[in-house]
Amino acid sequence: MKRVAVVLFNLGGPDNLKAVQPFLFNLFNDPAIIGLPNPLRWLVAQLISNRRALVAKKIYASLGGSSPLLSNTCKQAAALEEQLVDIGEVRVFIAMRYWHPMSDETAIAVNHFDPNRIILLPLYPQFSTTTTGSSLKEWNRAATAAGLTAPTYGICCFPDDRGWIAALVQLVRDGIEAATTSGPPRVLFSAHGLPKKIVDQG
């Protein structure tokens, strides 16, 4: 019987207000985010995370004291498992890049599951060295440390996938429909930018 491990990758987020500063430190200490050599990168990450934590804690407090990203990703994992029941024994795991569950603990859990194959699925639609690239590099390190030897396949880059676009359109339609009770809605598109040098590097 096939035993397939699917690993979903995402950014992660603090699960309580005390986790805000260490989450931010992990983010800015990633060489894919700040390309300085250590110990300079470590010092810069400490400085930025301590400064930003004060503002970020207020934002997370307004969200109930934690990021909703893990709970939303858990729902995605459960829904994906339901859709894959007909192909064998499939278990969907989560690996967050900057807060728990992180790649080291997830790789150990996958190893205990003892899969015949592993599918890596970053939940970032477009490729970037700072998201998909960083997550997969960290996974490869953690998987080696955990002794994972099963054949591993990666799924990357789906910003123009019809199903993905249809799902986004439906979410926007639902939002507009819910908002029209109080007048014409406004749609705000928000995105994280990247320095041009990172884009130029591919």
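Here are four short exercises on pockets, a surface patch and salt bridges, each with a worked solution.

This is a predicted model, in which local features need pLDDT of at least 70 and side-chain atom pairs count only at pLDDT 80 or more, while totals for chains, interfaces and linings use all residues. Residues are numbered from 1 along each chain as its sequence is written, and side-chain values use heavy atoms, with hydrogens and water left out.

**Exercise 1. Describe the largest pocket: its volume, its lining and the classes of its residues.**

Step 1. Recall the idea: rolling a probe the size of a water molecule over the atoms shows where empty space is left. On a 1 Å grid over the protein atoms alone, a pocket is an open set of points where a 1.4 Å probe fits, with protein on both sides within 12 Å along at least five of seven lines. Lining residues have an atom within 4 Å of a point.

Step 2. Read the volume, the space filled by probe spheres set on the points. For the largest pocket this is about 2,000 Å³.

Step 3. Look at the lining. It has 46 residues, and those nearest the centre are Asn10, Tyr124, Pro125, Thr131 and His192. Two or more lining residues come from each of β1 (3-10), α1 (20-28), α2 (40-62), α3 (69-83), α5 (129-146) and α6 (162-179). Helices (H or I, at least four residues) and strands (E, at least two) are DSSP runs, numbered from the N terminus.

Step 4. Sort by class, with Ala, Val, Leu, Ile, Met, Phe, Trp, Tyr, Cys and Pro as nonpolar, Asp, Glu, Lys and Arg as charged, and the others, Gly among them, as polar. The lining then has 31 nonpolar, 14 polar and one charged residues.

**Exercise 2. Which element gives the most to the lining of the second largest pocket?**

Step 1. Find the pocket, whose volume is about 330 Å³. Of its 17 lining residues, Asp30, Pro31, Ala32, Ile33 and Thr129 are the closest to the centre.

Step 2. List the elements that give two or more residues: α5 and α7 (196-200). The answer is α5, with six residues.

Step 3. Check the classes: six nonpolar, five polar and six charged residues.

**Exercise 3. Which residues make the nonpolar surface patch of about 360 Å²?**

Step 1. Apply the rule: patch residues have over 30% relative accessible area and no salt bridge, and nonpolar side chains (Val, Leu, Ile, Met, Phe, Trp, Tyr) are joined within 5 Å.

Step 2. The patch is made by Leu36, Leu40, Trp42 and Leu43. Leu40 sits in helix α2 and is partly exposed because its relative accessibility is 43%, between buried (under 20%) and exposed (over 50%).

**Exercise 4. Trace the salt bridges of Glu89 and Arg141.**

Step 1. Side chains of opposite charge can pair when their charged atoms come close. Here a salt bridge is a side-chain nitrogen of Lys or Arg within 4 Å of a carboxyl oxygen of Asp or Glu, and the count is five.

Step 2. Glu89 pairs with Arg3 at 2.8 Å, N to O. Glu89 is in strand β2 (residues 89-96) and Arg3 in strand β1, so the pair ties together parts 86 residues apart in sequence.

Step 3. Arg141 bridges to Asp104, with the closest N and O atoms 2.8 Å apart. This links helix α5 to helix α4 (residues 103-113), across 37 residues.

Step 4. Arg141 also meets Glu138 at 2.7 Å, N to O; both lie in α5, three residues apart, about one turn of the helix. Shared partners join Asp104, Glu138 and Arg141 into one network.

Technical notes
Patches are made of residues with over 30% relative accessible area and no salt bridge: like charges are joined within 9 Å, nonpolar side chains (Val, Leu, Ile, Met, Phe, Trp, Tyr) within 5 Å. Accessible areas come from the Shrake-Rupley method with a 1.4 Å probe; for residues, only the protein chains shown count as cover. Buried means under 20% relative accessible area, exposed over 50%, partly exposed in between (1.4 Å probe, protein chains only).
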